[in-house]
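Please examine the model shown here together with its sequence. The explanation that follows turns to aromatic contacts and then to strand pairing.

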Amino acid sequence: GINAEYGMLLCKIMLNSLEDIQGVVSGKLALKYSGRSLEAMKAIAAAHKDRSLSQFERLKSEYSDQLESDGLIRGHLSELYDTLLEQNLIRLIEPFSCVEISHVAQLIDLPVHLVEKKLSQMILDKKLFGILDQGNNCLIVFEDPPPNKTYPAALSTITEIGHVVDSLYEKARKIH
C-alpha cells in the first residue's frame, strides 16, 4: 500500500502532472499512510513545480532517510534533478548567444565544473546546440538547425518502392 502510494506520487512528479498530486495526497489511501515519507514526496513535488534546484537539494538532505533508502526512488530523483537542471540551464542561457560559463554557474548557484560538465553533456545529447569555448571560458549558443528532410523523403521513397514491388509480385503471380 505505502510503496504504491509513493510510486504513484513519483510517477505524477516525473510525468509533470503536478496538478494531480493534490488529489493523490488528499485521498483516503494517503490519509491512511500519512507521515514523513508522504511529506517528503509532497515537498519534492513543490520543489519541482517551482523549478528550484536549491530547494530540491535541501529537501534531499532533509528527508534523506525517506528518499535515499529506496534505490528506485533514489534513481528517479536523480533523473528528476538532471531534468530540472537541464530546464533551468536552458532557461538561463536562452537570451544569450555567447555567455561565460562562470556567469551561468553564478546565476544557477552551482560550481563552474558541474555547470560545464552538464552543458557539455547537453551539447553531446543534442539538447543544446552550441560549443564550449574553453579558451575564453564561454558557451557559444547556435540557432536550432532546421530539421533534416532527408529521412522522411527516403522513408517515403522506400514505401513507394514497396508498393511497386507488391504490385509487380501480384502481376507475376497472375501470369504463373
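**Aromatic contacts and strand pairing**

The charged end of Lys60 lies over the ring of Tyr81, at 5.8 Å from the ring centre. The structure is a predicted model, and the distances and angles given here are to be read accordingly.

Tyr81 also has an aromatic partner. A search of the whole structure finds one aromatic pair, formed by Phe56 and Tyr81. A pair of aromatic rings is described by the distance of the centres and the angle of the planes. For Phe56 and Tyr81, the centres are 5.8 Å apart and the planes make an angle of 35°. The pair counts as tilted because this angle of 35° is neither under 30 degrees, as stacking requires, nor over 60, as an edge-to-face arrangement requires.

The two rings belong to distant parts of the chain, 25 residues apart. Phe56 is contributed by helix α5 (residues 53-62), whereas Tyr81 is contributed by helix α7 (residues 71-93). Both Phe56 and Tyr81 are buried.

The discussion now moves to the strands. Strand β3 (residues 138-141) runs antiparallel to strand β1 (residues 98-100), and three bridges join them. Within this pairing, Val99 has Leu139 of β3 as its bridge partner.

Strand β3 also pairs with strand β2 (residues 130-133), again in the antiparallel sense, over four bridges. Here Gly130 is matched with Val141 of β3 as its bridge partner. Strands β2 and β3 form a hairpin with four residues between the strands, and in this hairpin Asn137 adopts a positive phi near 55°.

Notes. Residues are numbered from 1 along each chain as its sequence is written. This is a predicted model: local features need pLDDT of at least 70, side-chain atom pairs count only at pLDDT 80 or more; totals for chains, interfaces and linings use all residues. Side-chain values use heavy atoms; hydrogens and water are left out. Rings of Phe, Tyr and Trp (its six-membered ring) pair if their centres lie within 6.5 Å; planes under 30 degrees apart count as stacked, over 60 as edge-to-face and the rest as tilted. Helices (H or I, at least four residues) and strands (E, at least two) are DSSP runs, numbered from the N terminus. Buried means under 20% relative accessible area, exposed over 50%, partly exposed in between (1.4 Å probe, protein chains only). A charge sits over a ring if NZ of Lys or CZ of Arg is within 6 Å of the ring centre and within 35 degrees of the ring normal. Two strands pair if DSSP finds at least two bridges between them.
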